[in-house]
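Let's walk through this structure together, one question at a time. Keep the 3D view open while you read.

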Amino acid sequence: MSLQIYNTMIRAKEEFVAKQPGKVNMYVCGPTVYDYIHIGNARPMIFFDVVRSYLEQIGNEVNYVVNFTDVDDKLIRKAEQMNSTVPVVADTFIKAYYEDLDGLGIHKATINPRVTENMDNIIAFIKELEDEGFAYEKGGDVFYRTGKFAGYGKLSHQKLEELQFGIRIGVDERKESPEDFVLWKAAKPGEIYWASPWGDGRPGWHIECSAMARRYLGDTLDIHGGGQDLQFPHHECEIAQSEALTGKPLANYWMHNGYIKINNEKMSKSLGNGILVKDLRAQYKKEAIRYFMLSTHYRNPLNFNSETMDQAMKSVERIANAVTNMKHRLDTVAPDGNGPVRESVQQKLDAILASYYEKMNDDFNTPDAITSVFEWVSEANLLLQEPVANPAELQAMLAAFDELNAVLRLYFEEKAELLDEEVEQLIAERAEARKNKNWGRADEIRDELAAKGILLEDTAQGMRWRRK
């Protein structure tokens, strides 16, 4: 089965065909870096990284661009609150973004362009629109002439006269039409600004992505992604800006992830129910956060609550236990082994992997792909119960898991940690107590270690320990 992607533009799945075989250009709208990212930001971050990683897994080279909006009204207000400057605020929260990125097991984009580093490019883009009659200047502001672009509304499937605008500025009497949107804002006293043909100012929200997507990926993207909330007006405005100049589709495939609710309520500042990723990471392992995000199809809404996260923690713990037990068994078995992988074992692994690829090819169906991971867990546990282990089979099992986990990343190998001297002594004392059949003392030591966050496991291959 070839890869099928649900294209928001046509409201249907269609076969994915890259413009250039083996090379995919992908642009996803990134954060406005005026604060720490919240759980709503994390969903597209995780999901589109999965899309990128899966495209690479099936043999593509992916040029993946995620922008930073590092100047706008929010950053200006934040700089005032912090008694700082817009560049310092942006640098602070870009650094925090990368920490959260790593803390969620997400790979860095190919490039993260910043608005402030693309100002000449943005100004030139607006000038082209003005020269072509798609933009006009009034009082130092520049507006897009929406009515001139016949295709406006085609992504959100709305008619121009029916559109309700959620633009970041209110209706301006200087506009030729209420639907027109701002491309360039004249600077107010004390604000950060750049020189332009229309006077000092800064870009509007929508123009930055059109300009940067064109600069880094060309006139037509293979995939343009973002949250469902960006369909309108942001992506609709991007299309109008870009296609007015190029006469070509801005993107061949449009992908949008669904909303996140908190305890079945819409996440909003007015309700005060937002959750920052840095706080979420302090409470839950990144594997559990990823599991939560990927256990629901990306186009469906996602509801966050403590019960769901507790279940996610248990699920990834089950996966981790199977993997670590398999690795431990392989470490303790004789290296010469018992011959090749049995046909029955290989057939099961082939079926699990085939199911994984089938589900991922069906519009990145991560919930069903996770089912394949648990099928692997079941087979791994059955194999571990056999009294005699075959190293070749253990290695084949682990290789199959690595293939499943390369994209989903529901398991991360813990870094080896040295036990302190006290814990080492307790483990040695427990081993001696068991040798002398002093089971009471052995149990006491187990409980004492558990209180210190050290869990002991007695296996057929010897004692194992791990941190909680």
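Q: Is Tyr54 buried or exposed?
A: Keep in mind that this is a predicted model. The relative accessibility of Tyr54 is 0%, and anything under 20% counts as buried. So Tyr54 is buried.

Q: Which aromatic cluster does Tyr54 belong to, and what are its members?
A: Look at the rings around Tyr54. They form one aromatic cluster, made up of Phe47, Phe48, Tyr54, Tyr298, Tyr356, Tyr357 and Phe364.

Q: How many aromatic pairs are there?
A: Two rings pair if their centres lie within 6.5 Å. By that rule the count is 21 aromatic pairs.

Q: Why is the pair of Tyr36 and Phe93 called stacked, tilted or edge-to-face?
A: Check the angle between the ring planes: over 60 degrees counts as edge-to-face. Here the centres are 5.1 Å apart and the planes stand at 90°. The label is therefore edge-to-face.

Q: How many residues apart in sequence are the parts that Tyr36 and Phe93 tie together?
A: Tyr36 is in the loop between β3 (23–28) and α1 (39–57). Phe93 belongs to helix α3 (residues 86–103). So the pair ties together parts whose separation in sequence is 57 residues.

Q: Is Phe93 buried or exposed?
A: The cut-off for buried is under 20% relative accessible area. Phe93 has 6%, so the verdict is buried.

Q: Which residue lies over the face of Tyr36?
A: Tyr36 itself is partly exposed, at 33% relative accessibility. A residue lies over its face at 4.8 Å from the ring centre, and that residue is Lys278.

Q: Which residue caps the N-terminal end of α9?
A: Helix α9 covers residues 306–332 and has 27 residues. From first C-alpha to last it reaches 38 Å, close to the expected 39 Å. At its N-terminal end, a side-chain oxygen lies 3.2 Å from the backbone nitrogen of Glu307, and the residue providing that oxygen is Asn305.

Q: Which residues touch the most other members of the largest nonpolar core?
A: In soluble globular proteins, nonpolar side chains tend to be buried together. The largest nonpolar core here has 135 residues. Those touching the most other members are Ile39, Leu129 and Trp376.

Q: Which helix gives the most to this core?
A: Look for the helix that contributes ten residues to the core. The one giving the most is α1.

Definitions and conventions:
Residues numbered from 1 in each chain as written. Predicted model: local features only at pLDDT ≥ 70, side-chain atom pairs only at ≥ 80, totals over all residues. Heavy atoms only, no water. Phe/Tyr/Trp six-rings, centres within 6.5 Å; stacked < 30°, edge-to-face > 60°. Helix = DSSP H or I, 4+ residues; strand = E, 2+ residues; numbered from the N terminus. Buried < 20%, exposed > 50% of the residue type's maximum accessible area, 1.4 Å probe, protein only. Lys NZ or Arg CZ within 6 Å of the ring centre and 35° of its normal. Expected span 1.5 Å × (residues − 1). Polar contact = N/O pair within 3.5 Å; in protein donor to acceptor, adjacent residues only side chain to side chain. Core = buried A, V, L, I, M, F, W, Y, C linked by side-chain atoms within 4.5 Å.
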